[in-house]
Amino acid sequence: MNAPFTPWPEDIAADYRDQGLWTGEPFSLLLERLAAKHGDRVAVTDGDCWLSYESLLERSRRVAAGLHQRGLRPGDIVVMQAANTSEYLVVLFALFRLGVAPVCALPAHREAEIGYFAEHTKAAAYLHPGGAEYDRIAASLDVTHVWTVEQAAKTYADPAGLPPAPRGGDLALLQLSGGSTGVPKLIPRTHDDYLYSVRVAAEVCELTPATVYLCALPVAHNFPLSSPGVLGVLYAGGTVVMAPDPSPDTVFPLIVSEGVTMTAVVPALALTWLRAAEARGAELPSLEVLQVGGARLGDADAERVTPVLGAKLQQVFGMAEGLVCYTRLDDPFATVCATQGRPASEADEVRIVDDADEPVPEGHSGHLLTRGPYTIRGYYRADAHNATAFTSDGFYRTGDLVRRTETGHLIVTGRAKEQINRGGEKIATAEIEEHLRTHPGIHDAALVAVPDDALGERACAFCVTDGELTAKQVRAHLRGRGLAAYKIPDLVRFVASLPRTPVGKIDKNRLKESVNL
Ligand code: J2J
């Protein structure tokens, strides 16, 4: 049978339940408990719309009924692209209540990505932030319903007729993989496993009802959504402040006016904030913790966070597939600056192996494999890929190279997967190479990462052509294919042929060396 996703083996699932890691509670019931406990405390604000826990529950239930009345059914999948607004949470919890799983698309995605998600999941609806760009994407899709998130958040009906709430093992949402193959992979997360990851994150990060979390990154990304992110802060009874964009001009005043205690950024953004804070002498007295993750933060940059921003640094090394590592708030300064943290849960299993899947000696660098109560066992409808992305005993091959310190902290030493990490945004090289090869003047293509001071890495495309083509034309071709802007190569080089290794693979190291910046 071609099940849409690989379940955990029944004995292991039973063990997670027995240990109390999986509670069977879906996010919709969690919200009911939170509303009973925190009632009129502010759950979320975006400057325009403040919602208490009670009103978040109330509105999300009426919206669930409204969307049900329009035809959405438990088990359906929708593609949702959203700006950072309070309404996003109303719709997210409405979908959770209905048992409809959103694909957590990012605002940057365009026709190529959204079209693929909709087709691959046979999505029943497309929800988007509104505006001409997204109307254009909507027009290219074959889905029954198209709503803006704002419209959906006002689609009310009487919740009396709602179908039963989903169960813990049901699909809660689909996250997106950074990927290393030709098409993006979808990550099926259940209520049980996702809520466990959120709960354990809230504990590790010591969240309380006094936590005020600024959501500066795009909310649908796994990091600001769940590590502990927006969902973790709600779990703890705190307050979420949605930032419309992450620029210092927007964010610094918000931190001050809302008394923000914690936020999360990628290293490129951390550097922008550090520079801005130094230049302006900005004071952010309420900020207690700055989480940095999504890409490797340089040790020297890490050391500047506390002196410049006055906040503790927490490094976060995670993946939408599951495992998330955090430095702890009471870790020594040197550990916080020089490691990417240790797994959130005791139940996370980590193996560090060589190319033959044999464990490397302790302290040596190797491939990170992981398995556990919130790490998936397979991508959504991807049988062929799953056969190589996971070991036969269910460990996920992260594609990251790490070494473990004596204290169990991981240091990310490199990457074995064919991916570019452009300021935290992941680009699967094979995906872009395939799009490049669709141009009639490009006979072959290779995408490589080149170092960049601001973003960590940028993408350089090598195109085999007979001449005549310009970089502008290559970029226009890719944009015309409907790709997100961050995937358009920053540099384009033309070559007569691609260098090969002795076994005939494209020699990407030689290509990297040949880029003179
Ligand atoms: C080096 N590489 C890192 C880090 C992620 C929390 C935080 C991040 C993500 C995320 C996430 C890194 N140092 N600190 O989902 O919940 C690279 C690794 C990893 C890949 C996963 C979360 N933090 N990375 O970034 O699914 O290569 O998740 O395998 O987008 O980002 O990317 P993604």
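These notes cover a helix, the surroundings of the ligand and one alanine in a predicted model.

1. Helix α4 takes in residues 86-98, 13 residues in total. From its first C-alpha to its last, α4 reaches 19 Å, close to the 18 Å expected at 1.5 Å a residue.

2. As for burial, α4 is mostly covered, with 13 of its 13 residues buried. Gly99 comes just after α4 and takes a positive phi of about 80 degrees.

3. Around the ligand there are 23 residues, of which Asn222, Gly293, Phe317, Gly318 and Ala320 are the closest. Two or more residues of this shell come from each of α9 (222-226), β13 (312-319), β18 (396-404) and β19 (410-415). Strand β13 gives the most, with 5 residues.

4. By residue type, the shell around the ligand divides into 11 polar, 8 nonpolar and 4 charged residues.

5. Ala389 belongs to helix α15, which covers residues 383-389. Ala389 counts as buried because it has 21 C-beta neighbours inside 10 Å, and the cut-off for a buried residue is 20 or more.

6. Which residues is Ala389 in contact with, leaving aside its neighbours within four places in sequence? They are Tyr379, Tyr396 and Arg397. Ser227 lies 162 residues from Ala389 along the chain, and the C-alpha atoms of these two residues are separated by 23 Å.

How values were computed. Residues are numbered from 1 along each chain as its sequence is written. This is a predicted model: local features need pLDDT of at least 70, side-chain atom pairs count only at pLDDT 80 or more; totals for chains, interfaces and linings use all residues. Helices (H or I, at least four residues) and strands (E, at least two) are DSSP runs, numbered from the N terminus. The expected span of a helix is 1.5 Å times one less than its number of residues. A residue is buried if 20 or more other C-beta atoms lie within 10 Å of its own, exposed if 12 or fewer, and partly exposed in between; C-beta atoms are placed from the backbone. A residue is near a molecule or strand if its C-beta atom, placed from the backbone, lies within 6 Å of it. Ala, Val, Leu, Ile, Met, Phe, Trp, Tyr, Cys and Pro count as nonpolar, Asp, Glu, Lys and Arg as charged, and the others, Gly among them, as polar. Two residues are in contact if their C-beta atoms, placed from the backbone, lie within 7 Å.
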